[in-house]
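Hi,

Here is the structure I promised to pass on. Have a look at it first, and then read my notes below.

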Amino acid sequence: MRKALTAVAVLAAGGAASAFLVSRGDTSQATNPAAQAVPINTTKVTQQTLKDTETQDGTLGFGQSSSAVNRVAGTVTAVPDSGQELRRGNTVYSIDNKPTTLLYGALPAYRRLVIGSEGTDVLQLEQNLKAMGYTGFTVDDEYTDATAAAVEEWQEDLGLDETGVVELGSVLFAPGHLRVDSVQAEEGSPLGPNQPVLSYTGTTRAVTVQLDAADQRLATLNGAVTVALPDGKSVPGKIQKVSTVIIPAESPDKDPETKVEVIVALADQKAVAAWSSAAVDVTFTASERKNVLTVPVAALVALREGGFGVEVTDGTTSRYVPVKTGLFANGQVEISGTGITAGTTVGIPK
């Protein structure tokens with residue numbers, strides 16, 4: 001006869017529960033299992049999709065911000081308003097009445113561009129010149145006389161000296177059109193080189209979540225999430241970027257914290273258009289198992305021989321059957337084993 005001896009704790013990724021330690025007895029008598037008391041509490045094995053989910057606090061906004069840094073000393077003569085959106089060719093800010101113009105490109109501006117310059121920044125410049133309607137040059141990574149002539153036309157349209165040279169600080173390369181997040185500089189104030197003028201983001205709303213380092217398993221690039229909005233509606237999202245950030249200590253007696261920062265892209269921008277900033281709940285799916293057999297975690301028993309099992313009953317007799325466990329999630333556990341099928345009745349120990 002198989003007999004429950006004592007209770008032990010079962011800890012798993014998806015939750016915790018109690019399990020009984022039992023002896024399986026002689027498994028060769030499977031066709032004539034030893035009689036024992038039929039369990040009072042029972043449940044059935046179900047087939048379902050099991051998901052290991054976790055909900056975290058997030059902030060709806062416009063994603064990570066970047067700083068626009070002044071490159072030359074001078075007086076601030078124009079800055080945009082916070083929340084203002086800027087597109088290619090717009091003035092981001094002006095120093096000594098000379099504009100810094102927004103152009104699109106992944107590589108930041110880092111040098112002055114003149115005839116003979118070669119590189120990705122030259123290619124970006126020429127792509128922008130063409131997009132703004134200037135012609136007469138070949139779009140490549142070489143700054144030629146023809147490029148300089150187009151730059152002179154552009155400078156004339158901006159009301160600048162027609163030098164044919166793109167000075168460092170006269171353009172701001174950004175991945176696309178941008179939204180001014182906050183402005184640090186004031187019109188009329190002097191500003192030295194390498195000082196921040198303003199911070200900016202993209203114009204597409206996104207959700208930022210800071211996870212504890214222990215929850216890094218949730219941060220899977222391109223992983224699907226669900227975002228619960230303040231109005232009670234939910235929208236799907238996808239993990240677009242994952243990075244590690246260090247949060248400085250709040251006081252000398254505390255240590256800095258390591259966080260995993262997750263940026264979630266939202267395809268349905270109309271659903272979130274009402275908020276420029278909001279607190280949201282983000283549900284991550286760390287693991288998913290489709291069409292697996294599951295039982296409540298409480299149905300598991302720990303076998304004295306090692307491993308786990310369940311008490312299978314037909315209503316008149318019962319026996320302990322060893323099972324292999326898989327994903328633990330939401331109080332359920334994935335199981336598999338000989339004779340375990342959807343609809344099998346199993347006991348739940350007291």
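Two strands count as paired here if DSSP finds at least two bridges between them. Please also bear in mind that this is a predicted model.

With that pairing rule, one thing that turns up is an open sheet of 4 strands, in the order β5-β13-β11-β7, with antiparallel pairing. Its edges are β5 (66-69) and β7 (85-86), each of which pairs on one side only. If you want a place to start looking, take β5 and β13 (residues 196-202): they run antiparallel and are joined over 4 bridges. Within that pairing, Ser66 sits opposite Tyr200 of β13.

Now for the charged side chains. A salt bridge here needs a side-chain nitrogen of Lys or Arg within 4 Å of a carboxyl oxygen of Asp or Glu, and by that rule the count is 8 salt bridges. Three of them are worth pulling up on screen, Arg217 with Glu54, Arg111 with Asp121 and Arg112 with Glu167.

Arg217 and Glu54 have their closest N and O atoms 3.1 Å apart. This pair links distant parts of the chain, since Arg217 is in the loop between β14 (206-212) and β15 (224-228) while Glu54 is in strand β4 (residues 46-61), 163 residues apart. How accessible are the two partners? Arg217 has 37% relative accessibility, so it counts as partly exposed, and Glu54 counts as partly exposed too, at 22%.

Next is Arg111 with Asp121, at 2.7 Å from N to O. Arg111 is in the loop between β9 (98-104) and α1 (120-131) and Asp121 is in helix α1, so this bridge ties together parts that are 10 residues apart in sequence. Is Asp121 buried or exposed? Asp121 is buried, because its relative accessible area is 2% and the cut-off for buried is under 20%. Arg111, with 26%, is partly exposed.

Then there is Arg112, whose salt bridge with Glu167 has its closest N and O atoms 3.1 Å apart. Arg112 belongs to the loop between β9 and α1, and Glu167 to the loop between α2 (145-158) and β10 (171-174), so the pair ties together parts 55 residues apart in sequence. Arg112 is partly exposed at 44% relative accessibility, and Glu167 is partly exposed at 39%.

Finally, back to Arg217: through salt bridges that share partners, Asp52, Glu54 and Arg217 are joined into one network.

Cheers

Technical notes:
Residues numbered from 1 in each chain as written. Predicted model: local features only at pLDDT ≥ 70, side-chain atom pairs only at ≥ 80, totals over all residues. Heavy atoms only, no water. Helix = DSSP H or I, 4+ residues; strand = E, 2+ residues; numbered from the N terminus. Buried < 20%, exposed > 50% of the residue type's maximum accessible area, 1.4 Å probe, protein only.
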